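New notebook page. I want to get my bearings in this structure before anything else, so here is what I looked up.

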Amino acid sequence: MTPRIHLPALADQPAPPVPSDPLPLDEPAAHHLLRVLRRGIGDEIEVFDGQGRCWHAQVASTKPATVTLQAALPAEPPPRLRLGLAQCLSTAEKMDWTIEKAVELGVSHIVPLLSARSVVKLDGARAEKRVQHWQRLVVAAAMQCGRSRLPEIAPIQPVGTWLASLPAPQAHERRWVLSPLAESSLMAQASALAAQTGTPLAWDQDQPIDAAASEAATPTAWLLCGPESGLAETEVEQALAQGWQPALLGPRVLRTETAGLVGLTVLQAALGDLG
């Protein structure tokens with residue numbers, strides 16, 4: 001597989017000419033390319049801007065580390081399903097695992113949340129530092145799995161505050177909260193929704209995606225996953241009062257770092273591009 005490097009300087013810029021002048025790499029990208037991947041002058045790589053565009057490139061120099069764009073590659077199309085994961089905090093390694101694998105599963109938005117029952121508590125400078133760490137994880141996971149669109153990570157915030165800030169769901173949007181009190185599974189609900197005719201989240205999987213379509217019209221699914229001991233009753237009640245649908249993930253009790261990823265997999269399989 002051709003090595004892939006994130007070049008954020010290309011984001012929000014007009015399409016650069018190809019071949020391009022040498023473009024500098026930031027320190028993390030340079031370290032990964034030169035020290036981890038052991039690439040040198042003349043080696044071929046791919047670079048992406050984090051917004052869907054990517055290019056074939058060559059290493060132009062190592063001191064400083066620069067690359068030249070050789071040709072534009074096909075852009076990553078908009079997702080069939082825009083997935084959002086609202087994940088309550090778990091311990092550092094477990095949260096890292098969840099975020100990394102969520103990127104691989106195609107998530108578009110990640111919201112780290114503080115529940116009343118969260119064991120991990122982060123605020124202030126510690127919270128900002130942890131979010132910056134997760135942003136680096138997102139880039140690394142995108143480079144590995146071939147994504148050219150980087151998911152967004154929101155600041156850490158309390159569950160109730162985040163729920164209260166949300167607008168009413170749009171017609172093309174569905175929201176599920178994982179709850180042991182639910183009467184049906186996420187798979188059953190998502191599959192039934194996909195089977196319905198005329199619903200905004202049901203579409204012909206064989207039809208091409210219109211890249212020019214507004215992002216606001218992209219089918220969207222949110223999943224709210226509690227911490228190790230589950231969401232507080234008041235948090236579940238607040239979510240349900242705002243239109244979130246309760247859902248189960250089967251008869252077994254899953255750890256928080258497993259539950260969110262299983263939920264994303266179910267939604268991608270039933271409504272998205274998995275399978």
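I take helices (H or I, at least four residues) and strands (E, at least two) as DSSP runs, numbered from the N terminus. On that basis I get 7 helices and 12 strands in the protein.

A note to self: this is a predicted model, where local features need pLDDT of at least 70 and side-chain atom pairs count only at pLDDT 80 or more, while totals for chains, interfaces and linings use all residues. Residues are numbered from 1 along each chain as its sequence is written, and side-chain values use heavy atoms, with hydrogens and water left out.

**Overall shape.** I looked up the box first. Along the principal axes, the C-alpha atoms fill roughly 60 × 45 × 30 Å. The radius of gyration (taken over C-alpha atoms; the globule rule is 2.2 Å times the number of residues to the power 0.38) is 20 Å, which agrees with the value near 19 Å for a compact globule of 275 residues. I also find that 44% of the 275 residues count as buried, meaning under 20% relative accessible area, with exposed over 50% and partly exposed in between (1.4 Å probe, protein chains only).

**Strand β10.** Which strands does β10 join by bridges? Two strands pair if DSSP finds at least two bridges between them. I see 5 bridges from β10 (residues 173-178) to β11 (residues 220-225), running parallel, and 3 to β12 (residues 245-247), also parallel. Val 177 has Leu 224 in β11 as its bridge partner, and Trp 176 stands opposite Gln 245 in β12. β10 is mostly covered, with 5 of its 6 residues buried.

**Helices α2 and α7.** Two packed helices are described by the angle between their axes and the distance between the axes. I have α2 (residues 92-104) and α7 (residues 256-271) at about 10 degrees, axes 9 Å apart. Angles under 35 degrees count as roughly parallel, and α2 and α7 are therefore roughly parallel to each other. Contact means heavy atoms within 4.5 Å; Lys 94, Trp 97, Thr 98, Lys 101 and Ala 102 in α2 meet Glu 257, Leu 261 and Leu 264 in α7.

**Ala 164.** Is Ala 164 buried or exposed? I found Ala 164 in helix α4 (residues 159-165), and at 57% relative accessibility it counts as exposed. Leaving out residues up to four places away in sequence, Ala 164 touches Gln 238 and Gln 242.

Methods. Axes are lines fitted to C-alpha atoms, for helices over the stretch in contact, and angles run from 0 to 180 degrees between N-to-C directions. Angles under 35 degrees count as roughly parallel, over 145 as roughly antiparallel, 65 to 115 as roughly perpendicular and the rest as oblique.
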